[in-house]
Structures are given as C-alpha cells and as structure tokens.
Amino acid sequence: MVDNNLAVIVLAAGQGTRMKSATPKVLHELAGRPMIGHVLAAAEALEPEHVILVARHQRERVEEAARELLPRVEIAAQGEVPGTGAAADAGLALLDDGFVGDVLITSGDVPLLGAGPLGAFLAAHRDAEAAASVLTASLPDPSGYGRVVRDGVGDVQAIVEDGDATDAQRAIHEINSGTYLFQANDLRRALEQVGTDNAQNEKYLTDAIGVLVAEGRKVIAHQIDDPVLVRGVNDRQQLAEVARELNDRIVRRWRLAGVTIQDATSTWIDVTVELGQDVTLLPGTQLRGTTVVQDEATVGPDTTLIDTEVGFGADVTRVHAISARIGENAHVGPFSYLRPGTVLGAEGKIGTFVETKNVTIGRGAKVPHLSYAGDAEIGEGSNIGAGTIFANYDGVHKHRSTVGPQVRTGAHNVFVAPVHIGAGVYSGAGTIIRKDVPAGALAITQAPQVNREGWVAEHRAGTASADAAEVALQHSGADENDD
C-alpha cells in the first residue's frame, strides 16, 4: 500500500573524486547492484508516494541507471550551489506545495541501510511527532564525524562538525549518519533560512536542523543498533570493506535458511540470487545476477554462475556458466564453459573441457569430454564422443544441427552444420558428417591406413627417432631369428 504521506529524496549529486574513477561513485557495484540500486531498493520497499533522486555529476548516466533500476524514480538536478541542503532543495522542488507529509533524506553512497532500519526510523519519527529526526549511531572512534548533542530530555540540541567541536563535544560517541526525516513544510521553511556562509561555501542540511531547534521545534535522534549499516563509501577501500560486510550478511542469511556454505571468505553471492534448502556451496563459488540454485544441488569449488538456473540435486564443479539452465540431477564439469542458451536436461552431463552455446541437450544425454557443441539440439540419451566439434559457422552465418535420441558418436567427429543425425545412429571415430544420416545408420568417413616402412630412416636420418626405430627393428629381427 502506497504511503501518501512519505517522500524519499536520495542524494547522489557528488562527484566522488576519491574513487579515482570515470564511473560515478554511486554506480560502482557490490553484490550485483550499483550502490544506488541498493539505496533505491530500500526506498521503494517503504512504498512512498515519491522517490526522488538528486543528481549532478554525470547526471545523464546516473539518471539512466536509476530509471533502469526503478522506472518510477523522479530525477532532480542540483544547481551550482553545493551542499546537502542545496541538494534537498532540488528534491523538494519536485514536490508540489500540497505535499505536507514526511520527507526521508538518505544518501546514494550508503548501500547497507535497508528498508528494515529505515522503517524503524520512520516509525520513531512519527511516534514522536517530531519536526525533524536524525538517524545516529554510536561509534567507538567517532573521529571525523559530526557529533549529536542532546538536551536534558534527549532531544537534539545541535549537530556539531568534528572540526568545530569543543573537547567535551569530541568526547561524544553518537554521530550523525547523514540520514534525516523532516515534515515537509518544516523542511521548506528551514532551508529558506540556510545560507552558504561557511568555510566550504556550501548549504548544509545540518543547518536546517539548527533552524528548527532555534524555533523550539522538536528534533529527535534515533540511534541505530547496528552502526555498520550507516557506513558510507568514498573510496575503493571503503567499497571493498562494505562489499565484504554485505556479502558476509548474505552468506549468514542463506546459512540460516538451510544452505551449506563451506567457506564464506571465498564465496560471493549477489542479493538477487535465490537458493533452495540443502544446497551446498563449495569454496571459490560466485553466484551472480538472477542465478537460482534448487534444493540439494552442489555448486563448486571454483565455479562462477551468472544468470543461471541449477536444478534439484545437480552437481556443478569448476564451471563458468552464463544464462544457462542445468536440469535436475545433471552433472557439469569440471572445467566446462556454458555460454548463453545452454539447456542441459535432467540427468544429463556436460563434462571436462567442454564448451556449449545455444544448445539443448536432452534428458540423460552426455557431452562428456573435450568437445564444442554450439547451435545444436542433442536428443535424449545420446552420447557425443570425445573431441567432437559442431562446426556451426560458415564464416558468414551460424547454422543449427540436430542429433536424434539414443545416438552414439565416435571420438573426434565433426558435424558440419546444418546436418540432422537420426535416432539411434552410430558413427565411427574421426568421422566428418556433412550430410544428414538416417535413423539406425552407421556413418563413417574412413580412408585406408597406409604404413610406409623405412620412411623415417630415409627422410629423418640421424634423428633420435631414426636411432630408436633402428634399435627396435634390430631387436625385432633378433626375435625372429630366435624363433
């Protein structure tokens, strides 16, 4: 149900120079989403009437990404005046004067702060009937953060930046997280009174808090129980630390849901992944995108699955797969590469050093060793011999081949597409198939073997091969004389 009394403004206008990147800071990824994606997902989960993103640096690129993540997002452009207060002004401009509800202001570079903590913050703000609320945290080392100064009854008296704080204020461990709630009209009125008369020539939201306190309006601080959730990202090191923290929480959630994960330090799981009960993830596993792993499947070690579905009880070992579907009780690997469009049927097998692309492999069918199967359909129960190549490309176009059910092909076959191999066909080793094979036939392309005796001695005299051959022939002759 939409909360018509709530608007969320996400601040994402900063350049993020400390990232040292051509990519806007809020578009750097962790756990399968850009940072801004995590923030927008949390905002959308609150079901507000408005979700507004304030952008400035590379605005078009940030806007495009935001609309892909949340199509209904509204985009505001921050003007030339810098600062969080100026960004909030830009977001407020998209709300008509008739909106008098609550305005939640959060940051696009705080990806761990989810809907649960934000919902609790909103509830506390409304229960207190506050004009403004500040989300705070208590840190063992608060250095560098703005301190929250409370009055005798616990309401906010001031937010003092670290550089401006007295010794007594620096001793305070409660810090400002940069996440706020305001009643819309109070925020409008307060921001009108905030200027840029400070060392940075910026317009600050904390000054709006000061205006409301000076007016005698109620401003509360809501301290979050888990301070890690309000950690921001300003450089690559902080991004890595937050990514690790998020992954640890994802791993813990899946373990508690019935998934065995042997090594959390080498297993990475995107927030968009779905896992069934009694799934086992072995070390070195990466599950990305929309990957789904059904009950009792085993994945890993050293496996990366992207947008891939793994069926019940399947075993996937040392595999790289993209947009593939692996059937129940199927076996894949080790050292297999499944490219987009690969569909492996139940109880099927894609084996060692096999590459597949745009191929459907039927129930119980096998491509076990050292093969490439592309643009093909392989029937139920068929077995493709080692070293087989589906030659699907003629230099201009791709062509598709079909293999019927219960086919047995020899080693080192080449199927020159497009060809159809009928049900129950056998083929000999080294066969090159250029035309269709009817059901039940044996296909062979076999030239007679020719042995030219004495060729090495004549053409490679003096080599190690020639010397070895001469010794062998002498022993052979001696054996014949003994007989």
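This is a short tour of a few places to select in the structure. Keep in mind as you go that the model is predicted.

**Stop 1: the domains.** Start by colouring the protein chain by its three stretches: domain 1 covers 6-230, domain 2 covers 259-443 and domain 3 covers 449-474. Now look at domain 2 and domain 3 together: their centres, taken over C-alpha atoms, are 44 Å apart.

**Stop 2: a pair of rings.** The structure holds three aromatic pairs. To see one of them, select Phe390 and Phe415, whose rings meet edge-to-face, with 4.8 Å from centre to centre and 70° between the planes. Which parts of the chain does this pair link? Phe390 belongs to strand 31 (residues 389-391) and Phe415 to strand 33 (residues 414-416), so the pair joins distant parts of the chain, 25 residues apart.

Are these two rings buried or exposed? Phe390 counts as buried because its relative accessibility is 2%, under the 20% cut-off. Phe415 is buried too, because its value is 1%.

**Stop 3: a charge over a ring.** Next, select Tyr393 and Lys398. Here Lys398 sits over the face of Tyr393, 5.6 Å from the ring centre.

**Stop 4: a patch on the surface.** Finally, switch on the surface and pick Phe335, Phe353 and Leu370. Together these residues make a nonpolar surface patch of about 330 Å². Where in the chain is Phe353 placed? Follow the backbone from strand 27 (349-352) to strand 28 (355-361), and you will find Phe353 in the loop between them.

How values were computed:
Residues are numbered from 1 along each chain as its sequence is written. This is a predicted model: local features need pLDDT of at least 70, side-chain atom pairs count only at pLDDT 80 or more; totals for chains, interfaces and linings use all residues. Side-chain values use heavy atoms; hydrogens and water are left out. Rings of Phe, Tyr and Trp (its six-membered ring) pair if their centres lie within 6.5 Å; planes under 30 degrees apart count as stacked, over 60 as edge-to-face and the rest as tilted. Helices (H or I, at least four residues) and strands (E, at least two) are DSSP runs, numbered from the N terminus. Buried means under 20% relative accessible area, exposed over 50%, partly exposed in between (1.4 Å probe, protein chains only). A charge sits over a ring if NZ of Lys or CZ of Arg is within 6 Å of the ring centre and within 35 degrees of the ring normal. Domain bounds come from an automatic or database domain assignment. Patches are made of residues with over 30% relative accessible area and no salt bridge: like charges are joined within 9 Å, nonpolar side chains (Val, Leu, Ile, Met, Phe, Trp, Tyr) within 5 Å. Accessible areas come from the Shrake-Rupley method with a 1.4 Å probe; for residues, only the protein chains shown count as cover. A salt bridge is a side-chain nitrogen of Lys or Arg within 4 Å of a carboxyl oxygen of Asp or Glu.
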